[in-house]
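This briefing addresses aromatic contacts and strand pairing in one protein model. The topics are grouped below for reference alongside the coordinates.

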Amino acid sequence: MAIRTRADLLAQTIERAGHTIFNPRTIEADDILDSTLIVGPIQSAANTDAAFYTINGTRGEIRSQLQTGVAADTGFTLELRNTSIAADSVIMCNLVQPSNIVLGGGLVSGSVVTANVIAASSASLNFFNTGAALADNAPFTASFAII
């Protein structure tokens, strides 16, 4: 029996030391499959130098370039417009540079990266680069997943 509702879950619990816990003996293959997160295919934005990008779907990538140079130990933000973003969404993102460091213009893949929901259908992807200045027009790929 797959667990589909809170009542189904409560029916699968036991009491131990005053705490209600999930009874591991009742787990079935369907329960594991039902709880697996599967995100959709990767959607790509047009390669453009823009202040915001509109990409719908739960996974995507922005292949673009910086609009201006960025000083060392500072950052930049991209606005993502996406109908899959809800006010309580969690967004994971990363930033990668081309394999050719000369073309990369100093983008460091290990920089600090965060994502914040602005409102439904809108988020900011924030990149803080450490240790190196970023050249104007440096190409990059910013990828994201929305859960």
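Two strands are taken to pair if DSSP finds at least two bridges between them. By that criterion strand β8 (residues 112-119) pairs with β9, the two being joined by seven bridges and running antiparallel. The model is predicted. Within it, Phe76, Phe127 and Phe140 form one aromatic cluster.

**Aromatic pairs**

- A search of the whole structure yields two aromatic pairs.
- In one of them, the ring centres of Phe76 and Phe127 lie 5.2 Å apart; the planes meet at 35 degrees, and the pair is therefore classed as tilted, since stacked requires under 30 degrees and edge-to-face over 60.
- This pair connects distant parts of the chain, with Phe76 in strand β6 (residues 75-81) and Phe127 in strand β9 (residues 122-128), 51 residues apart.
- The rings of Phe76 and Phe140 have centres 5.8 Å apart and planes at 55 degrees, so this pair is tilted as well.
- Here too distant parts of the chain are linked: Phe76 belongs to strand β6 and Phe140 to strand β10 (residues 139-146), with their positions 64 residues apart in the numbering.

**Burial of the cluster**

- Both Phe76 and Phe127 are buried.
- The relative accessibility of Phe76 is 14%, and Phe76 therefore counts as buried, the cut-off being under 20%.
- Phe140 has a relative accessibility of 3%, so Phe140 is likewise counted as buried.
- Of the seven residues of β9, six are buried, so this strand is largely enclosed by the rest of the structure.

**Strand pairing around β9**

- Strands β6 and β9 run antiparallel and are joined by seven bridges.
- Across from Glu79 stands Ser124, a residue of β9.
- Strand β9 is also joined to β8 by seven bridges, again in antiparallel orientation.
- Thr114 has Asn126 of β9 as its bridge partner.
- The hairpin of β8 and β9 has two residues between the strands, and in this hairpin Ser121 adopts a positive phi near 70 degrees.

**Charge over a ring**

- The charged end of Arg81 is placed over the ring of Phe52, at 3.5 Å from the ring centre.

Key. Residues are numbered from 1 along each chain as its sequence is written. This is a predicted model: local features need pLDDT of at least 70, side-chain atom pairs count only at pLDDT 80 or more; totals for chains, interfaces and linings use all residues. Side-chain values use heavy atoms; hydrogens and water are left out. Rings of Phe, Tyr and Trp (its six-membered ring) pair if their centres lie within 6.5 Å; planes under 30 degrees apart count as stacked, over 60 as edge-to-face and the rest as tilted. Helices (H or I, at least four residues) and strands (E, at least two) are DSSP runs, numbered from the N terminus. Buried means under 20% relative accessible area, exposed over 50%, partly exposed in between (1.4 Å probe, protein chains only). A charge sits over a ring if NZ of Lys or CZ of Arg is within 6 Å of the ring centre and within 35 degrees of the ring normal.
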